[in-house]
Amino acid sequence: MRKTKMMLLGVLLATAGAVSAAPATVATSGIQKYELKEFIADFTHFTVGDTVPAMYLTEEYNIKKWQLRNLPAPDAGTHWTYMGGNYVLIGDADGKISKIYDGEIFYHR
């Protein structure tokens with residue numbers, strides 16, 4: 001009985017190691033399922049191309065540790081912000097929305 005348990009434990013550990021060794025490109029490409037085209041925040045409907053309210057352009061709403069939230073690097077002249085449970089990539093100068101991800105991306109692994 002003990003030998004069977006040890007063999008089972010060995011198989012489980014080997015399987016877990018194989019899963020964690022998956023290439024990073026699989027995880028990166030998997031975030032596309034979180035991408036949105038529209039959302040509602042502050043009682044307003046927003047889509048890609050819309051302009052966000054001015055308060056989201058302030059430093060307080062700028063997400064600097066985007067890696068910890070599993071977000072891609074912001075393009076030059078843009079930053080990530082959080083609106084209505086979603087992560088929104090907006091232009092620093094004009095506040096135009098260029099990308100939207102569902103907030104569930106935070107839990108992506």
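Are W80 and Y101 buried or exposed? Both residues are buried. The structure discussed here is a predicted model. Its 4-stranded open sheet follows the order 1-6-5-4 with antiparallel pairing, and the structure holds 5 aromatic pairs. The points below take up the sheet, the hairpin, the aromatic pairs and one loop residue.

**Open sheet**
- In the sheet of order 1-6-5-4, the edge positions belong to strand 1 (35-36) and strand 4, each of which pairs on one side only.
- Strand 1 pairs with strand 6 in the antiparallel sense, over 2 bridges.
- Within this pairing, E35 has Y101 of strand 6 as its bridge partner.

**Aromatic pairs**
- Among the 5 aromatic pairs of the structure is that of W80 and Y101, whose ring centres are 5.7 Å apart with planes at 40°.
- Tilted pairs have planes between the stacked limit of 30 degrees and the edge-to-face limit of 60, so the W80 and Y101 pair, at 40°, is tilted.
- W80 belongs to strand 4 and Y101 to strand 6 (residues 97-102), so their contact ties together parts that are 21 residues apart in sequence.
- F106 and Y107 have ring centres 5.2 Å apart and planes at 85°, so this pair is edge-to-face.
- F106 counts as partly exposed, with a relative accessibility of 32%.
- Y107 counts as exposed because its relative accessibility is 58%, and the cut-off for that class is over 50%.

**Strands 2 and 3**
- Strand 2 and strand 3 run antiparallel and are joined by 4 bridges.
- One residue of strand 2, I40, stands opposite H45 in strand 3.
- The hairpin of these two strands has 2 residues between them, and D42 takes a positive phi near 50° there.
- In a regular strand, side chains alternate between the two faces of the sheet.
- Strand 2 (residues 38-41) shows such alternation: F39 and A41 point to one face and are buried, whereas E38 and I40 point to the other face and are not buried.

**Loop residue A54**
- A54 lies in the loop between strand 3 (44-47) and strand 4 (78-83).
- The relative accessible area of A54 is 58%, so this residue is exposed.
- A54 and G95 are separated by 41 residues in sequence, yet their C-alpha atoms are 7.3 Å apart in space.

Definitions and conventions:
Residues numbered from 1 in each chain as written. Predicted model: local features only at pLDDT ≥ 70, side-chain atom pairs only at ≥ 80, totals over all residues. Heavy atoms only, no water. Buried < 20%, exposed > 50% of the residue type's maximum accessible area, 1.4 Å probe, protein only. Phe/Tyr/Trp six-rings, centres within 6.5 Å; stacked < 30°, edge-to-face > 60°. Pairing = 2+ DSSP bridges.
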